[in-house]
Each structure stands twice: as C-alpha cells, then as structure tokens.
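Take a moment with the sequence and the fold before reading on. The paragraphs below walk through them step by step.

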Amino acid sequence: IVIQAAIVLLLIPSAIRAQEEAQETKLADAIQNPIAALISVPFQNNTDFGIGPENKTKNTLNIQPVVPVGISSGTNMIVRTIIPLVSQPYGSEDGSKSKFGLGDIALSVFFTPAKPGKLIWGVGPALGLPTATDEVLGTQKWSAGPSIIALVQPKGWTIGGLAQNTWSYAGKSSRSDVNFFYSQIFIVKNLPKGWYVNTAPIITANWNAPSGDQWLVPLGAGFGKLFKIGKRPINAQAGYYNYVVSPDGGPDWQLRLQFNLLYPKKG
C-alpha cells in the first residue's frame, strides 16, 4: 500500500503538467481562431510609413473586442468590433499637418457552428458606421455587406482567411459612395513555450478608385507569444509588412504591434 501511494504521489505532478499543457495548447489554438468562443480584447497598432512624396506616417490603433454569444445549442454568434483611433496626415506639403480622432467603426457578426468540424467557418453581415470625429478620418457613409471566414487547424497550425465587401446605402450625399473589399489571410505556426510565427496580411480594395489605385496589398510576417500576467492570459505579437501593391501616394511599409487581453471560459 505504501509503495502504491508513493507511485500515485509521483504521478500527480506529471498528470497536472499534462493537464496544464493540454489547456495551454487549447488556448493557443483558440487565440489564432478569430471566431473562437473566447472573449478577447485586442489592441492592434498599425503604423504606415512612406505615405506620399513627403514620406508621411499614419498611425491607427484598432481596439477590437470579440464577444461570443450562444444563441442556440448548435449555433454561436461572434460579434467582432473594430474601433479605430487614427492619426491621419493631410493637406500639408511638409507633412506637418495631421488629424487625430475616432475613425469609422466596423462591426462584423459571424454565425458559426457551436461544435465545428475540421473546417471552422462563419458567415454574417459586416457593417460600417460613420462615427469618425472628422471628415478626414472617415467616409461619412453607412455601409453594409456580407462577410465570410473559414479556417483549419491541423496540429500546431492555423490556416485560413476572411473576406467581406461593403457598399454604402446612406450618409452624406456630398461624399463618395463606398464599395470596399476587405480581406485577411492568416497562417500561424505554434512553437514551444507559447511562441508562434505568423503572417496575417490585410488586403483591401477600393473599387471606386481609379484603375491602378484600387488595391493595397502587403506581404510580411511576424512573431508572438502567449504568456500570463498573474492569472490573466496575454497574447502579444509584432510584425513587419511591405506593401507590394499600393495606390499612388500610398504607404511603403507597415509596423504592426498587437496586445490581446484574453478571457477564456473556466473549466
């Protein structure tokens, strides 16, 4: 009996470690899934360099809360909001003038299976709200359109993409109509001890712009780490992206820094 008890005591720490590792792996997969049933609050800062002949800089801090809502036993609703705080250069030959304030808020609602298979997917509406505090920072138009996301997560990987297109249907008549395509491809490889490497370029198109000035296409990569402050899981990452396609006067490259507060379900 004494020997059996000793064996049990020796096995308990390894069992606890195995359980903790399983939980960490599950959380690592969840943070790479944009429509996981996980409350998170990312703060994503994008700094675009080399804008126009004066090499101006634009900075956008996107506060992006993600809130899952179980609407039935088989369906989740994932509400993703992007609240941009923008510092936008404008109208100055020496690049000294800029506007700072709230940009247009973007809202996406995805309906997803509560228990997805190997292919994780979601569909729903995307909305653009004219919340900008200055006309330089937004479209002054209400817009809406469809949005879709799909991804797979083979062992240690997340591979997927998101696409949506919105059209304006109301707003200030003197401003240009909105016909805007937004997409993001994401490829992530999880590494030991919470580290990962990723690429997640945001590719957009303004269909109302002149031919040759419609697309904004970056290519790049980054890295990140999942860690804890106290008991709070945190996800932090950094990335560099070079614009291989950009409209006339558009940016040359981008530095992305992101910090996520995570609120996983207990148990």
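Is Trp-253 buried, partly exposed or exposed? Trp-253 counts as partly exposed, because its relative accessibility is 32%. Keep that residue in mind; the text comes back to its neighbours below.

First, the overall picture. This is a predicted model. Its mean pLDDT is 90, and 88% of the residues in the protein chain reach 70 or more. One stretch stands apart: over residues 14–21 the pLDDT is below 50. That stretch has zero contacts in the model beyond near neighbours in sequence. The protein chain has one helix and 15 strands. Of its 267 residues, 37% are buried. Its accessible surface comes to about 14900 Å², and carbon and sulfur atoms account for 63% of that. Now take the contacts between residues at least 6 apart in sequence: 54% of them join residues at least 24 apart.

Next, the strands around β4, which covers residues 75–89. Strand β3 (residues 66–70) leads into β4 through a hairpin. Four residues make the connection. The two strands run antiparallel and share five bridges. Within that pairing, Val-69 has Met-77 as its bridge partner. Strand β2 also pairs with β4, antiparallel, through five bridges. Here Ile-63 is matched with Ile-83. Strand β5 (residues 98–102) is another antiparallel partner of β4, again with five bridges. Val-86 of β4 is bridged to Gly-101 in β5. Strand β6 (residues 105–113) joins β4 by eight bridges, also antiparallel. Thr-81 and Leu-107 are bridge partners there.

Thr-60 gives a close-up of this region. Thr-60 is found in strand β2, residues 56–63. Why does Thr-60 count as buried? Its relative accessibility is 12%, and the cut-off for buried is under 20%. Setting aside residues up to four places away in sequence, Thr-60 touches Gln-44, Asn-45, Asn-46, Pro-84, Leu-85 and Val-86. Val-86 is also the residue bridged to Gly-101 in β5.

Move along the chain to β7, β8 and β9. Strand β7 (residues 119–129) and strand β8 (residues 141–152) run antiparallel, joined by 10 bridges. Gly-128 pairs with Ser-143 in β8. Strand β9 (residues 157–171) is likewise antiparallel to β8, with 10 bridges between them. Ile-149 stands opposite Leu-162 in β9. β8 and β9 form a hairpin, with four residues between them. Gly-156 sits in that turn, with a positive phi of about 80 degrees.

Ile-149 and Leu-162 lead into the interior. Both belong to the largest nonpolar core, which has 13 residues. They are among the residues with the most contacts inside it, a group that also includes Ile-35, Ile-78, Phe-110, Leu-151 and Phe-186. β8 and β10 (179–190) each supply at least two residues of this core. What does Phe-110 touch, not counting residues up to four places away in sequence? Its contacts include Ile-35, Ile-78, Ile-149 and Leu-162. Asn-76, Arg-80 and Ser-147 are also among them. A second, separate core has 10 residues, including Leu-27, Ala-30, Val-188 and Tyr-196.

Now back to Trp-253 and the aromatic rings. The model has six aromatic pairs. In one of them, Phe-49 and Trp-253 are stacked, at 4.1 Å centre to centre and 15 degrees between the planes. This pair links distant parts of the chain: Phe-49 lies in strand β1 (residues 39–51) and Trp-253 in strand β15 (residues 253–263), 204 residues apart. Phe-49 counts as partly exposed, at 23% relative accessibility. Trp-253 also pairs with Tyr-240: the ring centres are 5.6 Å apart and the planes are at 35 degrees, so this pair is tilted. Tyr-240 lies in strand β14 (residues 232–245) and Trp-253 in β15, so the pair ties together parts 13 residues apart in sequence. Tyr-240 is partly exposed too, at 41%. Together, Phe-49, Tyr-240 and Trp-253 form one aromatic cluster.

Finish at a loop. Ser-211 lies between β12 (202–206) and β13 (215–229). Its relative accessible area is 74%, so Ser-211 is exposed. Ser-211 and Pro-247 are 36 residues apart in sequence. In space, their C-alpha atoms are 9.4 Å apart.

Methods:
Residues numbered from 1 in each chain as written. Predicted model: local features only at pLDDT ≥ 70, side-chain atom pairs only at ≥ 80, totals over all residues. Heavy atoms only, no water. Pairing = 2+ DSSP bridges. Buried < 20%, exposed > 50% of the residue type's maximum accessible area, 1.4 Å probe, protein only. Contact = heavy atoms within 4.5 Å. Areas by Shrake-Rupley, 256 points an atom, 1.4 Å probe, with all protein chains shown as cover. Phe/Tyr/Trp six-rings, centres within 6.5 Å; stacked < 30°, edge-to-face > 60°. Core = buried A, V, L, I, M, F, W, Y, C linked by side-chain atoms within 4.5 Å. pLDDT = per-residue confidence, 0-100.
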